[in-house]
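Me: I should like to learn how to read surface patches, pockets and burial in a protein model. Could we work through them one at a time?

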Amino acid sequence: MRVGLIGAGNMARAMARGWGDPVLCTDSGSGRAAALAGELGGEAVASNAELAERADLVVLCHKPAQLEAVAGELALAPARPVASVLGGVSSAALTAAYPDRPVFRLMPNTPVEVRRGVIAYAPAAGVDPEIEARVRALLERLGSVVQLPDEAMAAATATAGVGPAYFALMVEAQADAAAARGLSPGLASELVVETMAGTAALLAARGNDAIEVRREVTSPGGSTERGLAALERRDIRAAFAEAFVAVVGGGR
């Protein structure tokens with residue numbers, strides 16, 4: 001499928017890099033579309049209408065508030081599938097904006113750039129199974145794909161969508177603490193990142209049993225137990241619960 005990206009911001013760029021194929025793309029005058037086409041091949045197209053004429057799949061990566069305006073620009077284009085990464089825009093809203101074509105609501109996260117992303121998706125009711133299979137196969141090139149009901153997409157956003165930012169903050173915090181105790185900042189970051197990557201691989205191999213993996217490192221009365229106790233005293237679980245509510249309540 002030839003992909004057309006309406007909008008060339010961070011998520012559009014991450015997905016395009018993950019696919020690695022030439023893309024059609026537009027922007028609102030930022031120059032990002034030309035930069036993306038220059039990097040991956042393809043073309044920065046003059047208008048959204050032209051992009052929709054030429055693409056097999058149109059991916060909406062513009063601002064959510066532009067939904068109706070962009071849909072109007074595409075009204076006369078062929079009724080090809082539309083996939084949306086617009087935060088907070090439901091499948092019902094997408095169907096209302098694009099009533100004559102198959103629509104898919106997506107929630108990818110930025111590791112799609114290295115094909116290790118998580119992509120939650122909700123197809124609108126009545127989408128042809130053959131079209132859905134083609135779209136899903138395209139998404140599977142970017143990482144793990146999970147189909148969810150539309151009402152679960154906000155929770156997926158608050159978990160996987162924002163997760164890379166949370167993990168990056170944890171890297172910053174732990175590396176800063178290590179650097180303050182004598183490690184060079186570069187080495188501190190390397191140790192934290194490699195430990196995080198290795199732990200993720202171990203968790204996956206253990207069926208995501210986080211409790212067991214944590215217990216294996218935590219000897220009674222040992223240094224890990226003291227460190228975990230310090231984090232629990234700061235109520236790390238409550239902080240994540242509060243962050244979840246903040247994301248779900250405030251959109252993406």
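The dialogue below takes up a surface patch, a pocket and a contact in turn.

Me: Before we begin, what kind of model is this?
Reply: The model is predicted.

Me: Which residues form the nonpolar patch on the surface?
Reply: The general idea is to look for nonpolar side chains that are accessible and lie together. Here the patch consists of Phe167, Met170, Leu231, Ile236 and Phe240, which together have about 430 Å² of accessible area. Two or more of the patch residues come from each of helix 8 (163-179) and helix 12 (236-250).

Me: Is Phe240 buried, partly exposed or exposed?
Reply: Phe240, found in helix 12, has a relative accessible area of 37% and is therefore partly exposed, since that class lies between 20% and 50%.

Me: How much space lies in the second largest pocket, and which residues lie nearest its centre?
Reply: A pocket is read from its volume and its lining. In this case the volume is about 660 Å³. The lining has 28 residues, and Gly7, Gly9, Cys61, His62 and Lys63 are nearest the centre. Helix 1 (10-19) and helix 4 (67-73) each give two or more residues to this lining, with helix 1 providing the largest share, three residues.

Me: How many residues of each class does that lining have?
Reply: There are 13 polar, ten nonpolar and five charged residues in the lining.

Me: Where is Ala158, and is Ala158 buried or exposed?
Reply: Ala158 belongs to helix 7 (residues 153-161). Its relative accessible area is 5%, so Ala158 counts as buried, the cut-off being under 20%. The C-alpha atoms of Ala158 and Phe244 are 5.4 Å apart, although 86 residues separate the two along the chain.

Definitions and conventions
Residues are numbered from 1 along each chain as its sequence is written. This is a predicted model: local features need pLDDT of at least 70, side-chain atom pairs count only at pLDDT 80 or more; totals for chains, interfaces and linings use all residues. Side-chain values use heavy atoms; hydrogens and water are left out. Patches are made of residues with over 30% relative accessible area and no salt bridge: like charges are joined within 9 Å, nonpolar side chains (Val, Leu, Ile, Met, Phe, Trp, Tyr) within 5 Å. Accessible areas come from the Shrake-Rupley method with a 1.4 Å probe; for residues, only the protein chains shown count as cover. A salt bridge is a side-chain nitrogen of Lys or Arg within 4 Å of a carboxyl oxygen of Asp or Glu. Helices (H or I, at least four residues) and strands (E, at least two) are DSSP runs, numbered from the N terminus. Buried means under 20% relative accessible area, exposed over 50%, partly exposed in between (1.4 Å probe, protein chains only). On a 1 Å grid over the protein atoms alone, a cavity is a set of points where a 1.4 Å probe fits but cannot get out, and a pocket is an open set with protein on both sides within 12 Å along at least five of seven lines; lining residues have an atom within 4 Å of a point. Grid points are joined across faces, edges and corners, and a volume is the space filled by probe spheres set on the points. Ala, Val, Leu, Ile, Met, Phe, Trp, Tyr, Cys and Pro count as nonpolar, Asp, Glu, Lys and Arg as charged, and the others, Gly among them, as polar.
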